Structure formats: structure tokens, C-alpha cells
Amino acid sequence: SGLSLTPCRCSGVGLALCQRLLEEDGRIHLCIACRSEQKSEATRDLLLATHPSAQVSTVEVDLGNLASILRAARELRCRFQRLDFVYLNAGIMPNPHVNFKALWHGLLAGKLLHMLTTAEGIMTQTDRLNGDGLQEVFATNLFGHFMLVRQLQSLLCGKEKPSRLIWTSSSNARESAFSLSDYQHAKGQESYSSSKYATDLTSVVLNRKFNGQGLYSSVVCPGLVMSNMTYRILPVFLWKLLMPIMLLIRFFAKTYTLTPYNGAEAHVWLFKQKPECLDSLVKYHSCTSGLGKCYVEPRKMDVDEDTAEKLYQKLLELEEQTLEKYHDLLD
């Protein structure tokens, strides 16, 4: 038992994760962090319909809005004395575009399966600045979560019982899409991949700095899941037409989890593990066999620890600028 905070879109993997956590341990106090109060309350009602005795509360937070993060963190510090798990699952991929020409070249070069499982070379996005003057994808997928964790540090660090951060990363997290000199990815067209690689780097540093204080960080990949984010890449009807092919591909590409329930497999598996036994340089992938069996596959991350440390310092500098701007929202 314990308290789990789950920032999510309250649909897709986020909703499936909430349902599965309550199935694992009905004594857990689950706090859903959502951008919309209406959606979070609807999600709470949905969870209570199947788990009427569960403790489910909500907090409103927009991970792409720094003032919202600071307000939510202040509210959480008032409401709770500690957090056992924080699932950092919120994410966006605005204006995704598929490069069908690259897909065709991948087929001719024998790299099609690799491209279909990682989206390498075939997915681009058009990013923009948000209201805080930050690149929107970087702010929502990484920096908002980082700020939230930093603001909740007093509820997370305690040697008597470890706390866990579990970040949703991606197999699309690639070093080639990331640059320290442009860590917000203002100049490229692979902002999603860059933000997820930066997530992997951040998790590595957090372990190095906070394991001794009882805080452990892990990253997971949910695989290819049919969700609202996926449906923005191609129209829903097209995905439905492709589904028989995708089920066939799953015999060769185990990361085609397809359903949110399957995609949450690694998140739930980590819920049951002792954090001291986990490798901080490993990403835990949700996998599904061709016959539909769910399992977790650990894979070493391709991360440079020196780059990770330098990114962390840049995030701290950006945090300092943010706190100066929003000092009225601090305790």
C-alpha cells in the first residue's frame, strides 16, 4: 500500500495504469493529476465504478504550464506527507508527419522493421513556443515533470522507505535527435524523440544524486499503443484497416503492444520490484508476444553519463530562472 501520483492524459496508458494499479493493490491511495478537472473527475468516477472502495483523489495540473505546476505542487505538499510512487506519464506529440518516402527507402534497404518499431527517420513534428517561452514538447514531456519532481522533493526523499519515479519514455528516444546546445530542440523536427532521450538522461542523473536519499528513478517504454496520440499520426479508419497487418507484425516486433492495458505492463511490473535491485541504466519495455502474452524486457539505454550531467545542470539553471519569475507561487 502507499500513495501513487499519476500525471497523465486520463486516457490511453494513463487510464489503463490507474486501473491496473488498483487491481494490484486496492489499499493504495491513487492521486490522478490531470490538465482538466472535468476529465480527472470523470476518470475518478470510472475507476470507482469498478473499485468502489478505492481511495482515488485528483489534482489539476498542466505539465506545459509552469505556474500550474507550482500551484499543484503546493497543493500536494499541503495534502500529503509523502509519495511512494510518481508516474510521469503525460506527453504530447504535436503535428506529427509520416515520411512515406523514407518508409519506402527503408523497405528497399531492409530496415523497414527497425523503422516501424522505432519510427526512426519516418516521424517528424512541428513544435512551437508555449506561454512560458519554452518549446512546447520539451516543456510538457520533460521540464514540467522535472519541475514537479523538484517541487515535491520533500515528499519523496526519505531513507526509511524508498520513493519511486517512473518515467514514460519511448523506443523513439534517440541520441541522434538530441543536442546539448539545443536541448529544447528549437531547431529540429524530432522534438518528441529529443524530449524522450532527455528523459532517459535525466533519470540516470536523478539516480546518481538521490538514491542515497531513498529516491529511485526508472524509465519505461509502453511500445506502440493505439491511443489519442497515435490517432493523430494517421486517421482512425486507416489504423483500423492496418490492424490485421499490425497483429501480424507483432510476431516479429514484440513492442507492438497495441492496447493501453498491454502498454502499461512495464509500469505495473516496476510497481512490484525492489528499486535497489534495478539497473539505473536500463529501460524497461512493455512487450506483447504474437499470441498476446504480456511481458517486460529490460534493455540497456544508449546514454552518455557526462552528457546527462550537463543536461541536468542546464535544467537546474532553467529552474532557477523559472522560480525567479514565479516567486509569488512559492511557499
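Tyr197 is a good place to drop into this predicted model: with a relative accessibility of 2%, Tyr197 counts as buried, because the cut-off for that label is under 20%. Its address is helix H8, while Phe178 sits in the loop between strand E7 (163-168) and helix H8 (191-210), so when these two residues pair up they tie together parts 19 residues apart in sequence. Phe178 is buried as well, at 10% relative accessible area. Look at how the two rings meet: their centres are 5.6 Å apart and their planes make an angle of 45°, so this pair is tilted. The label follows because planes under 30 degrees apart would count as stacked and those over 60 as edge-to-face.

Stay with helix H8 for a moment. Its 20 residues reach 28 Å from the first C-alpha to the last, close to the 28 Å expected at 1.5 Å a residue. Of those 20 residues, 18 are buried, so H8 is largely enclosed by the rest of the structure. One residue of H8 that is not fully tucked away is Arg208, which is partly exposed at 44% relative accessibility.

Arg208 is worth a closer look, since its side chain meets that of Glu305 in a salt bridge, 3.0 Å from N to O. Glu305 belongs to helix H12 and Arg208 to helix H8, so this contact ties together parts that are 97 residues apart in sequence. Glu305 is partly exposed, with 37% relative accessibility. The two don't act as an isolated couple either: Arg208, Lys209, Glu305 and Glu309 are linked in a network of salt bridges.

Now follow helix H12 (residues 305-325) along to Glu319, whose partner is Arg150 in helix H6 (residues 136-151), 169 residues apart in the chain. They form a salt bridge too, and the closest N and O atoms are 3.0 Å apart. Here the two ends differ in their surroundings: Glu319 is buried, at 7% relative accessible area, whereas Arg150 is partly exposed, at 25%. In the whole model, the count of salt bridges comes to 17.

Another of these salt bridges brings in the start of the chain. Lys272 and Glu24 meet through their side chains at 3.6 Å, N to O. Lys272 lies in the loop between H11 and E9, and Glu24 in helix H1 (residues 12-24), so the pair ties together parts 248 residues apart in sequence. Glu24 is partly exposed, with a relative accessible area of 37%. Helix H1 also holds Val13, which is buried at 10% relative accessibility. Val13 and Ser227 are 214 residues apart in sequence, yet their C-alpha atoms are 7.8 Å apart in space. A further contact to pick out is Arg20, whose charged end sits over the ring of Tyr261, 4.1 Å from the ring centre.

From the loop that holds Lys272, between H11 and E9, you can step either way to the next aromatic pair. Trp269 is in helix H11 (residues 265-271) and Tyr284 in strand E9, 15 residues apart, and the pair links these distant parts of the chain. The ring centres of Trp269 and Tyr284 are 5.3 Å apart with planes at 35°, so this is again a tilted pair. Trp269 is partly exposed, at 27% relative accessible area, while Tyr284 is buried, at 4%.

Tyr284 has a second neighbour to find: its bridge partner in E10 is Pro298. Strand E9 (residues 282-288) and strand E10 (residues 294-300) run antiparallel and are joined by seven bridges. The hairpin they make has five residues between the strands, and among them Gly292 takes a positive phi near 95°.

Back to the aromatics: the model has eight such pairs by count. There is also a cluster, formed by Phe138, Phe143, Phe146, Tyr183 and Tyr312.

Last stop is a stretch flagged in a database. An unreviewed UniProt entry annotates residues 233-253 as "transmembrane region". In the model, this span is 67% helix and 0% strand, and its end C-alpha atoms lie 19 Å apart.

Note on methods. Residues are numbered from 1 along each chain as its sequence is written. This is a predicted model: local features need pLDDT of at least 70, side-chain atom pairs count only at pLDDT 80 or more; totals for chains, interfaces and linings use all residues. Side-chain values use heavy atoms; hydrogens and water are left out. Two strands pair if DSSP finds at least two bridges between them. Helices (H or I, at least four residues) and strands (E, at least two) are DSSP runs, numbered from the N terminus. UniProt positions are given in the numbering used here, feature names are shortened, and annotations may be inferred rather than shown by experiment. Rings of Phe, Tyr and Trp (its six-membered ring) pair if their centres lie within 6.5 Å; planes under 30 degrees apart count as stacked, over 60 as edge-to-face and the rest as tilted. Buried means under 20% relative accessible area, exposed over 50%, partly exposed in between (1.4 Å probe, protein chains only). A charge sits over a ring if NZ of Lys or CZ of Arg is within 6 Å of the ring centre and within 35 degrees of the ring normal. A salt bridge is a side-chain nitrogen of Lys or Arg within 4 Å of a carboxyl oxygen of Asp or Glu. The expected span of a helix is 1.5 Å times one less than its number of residues.
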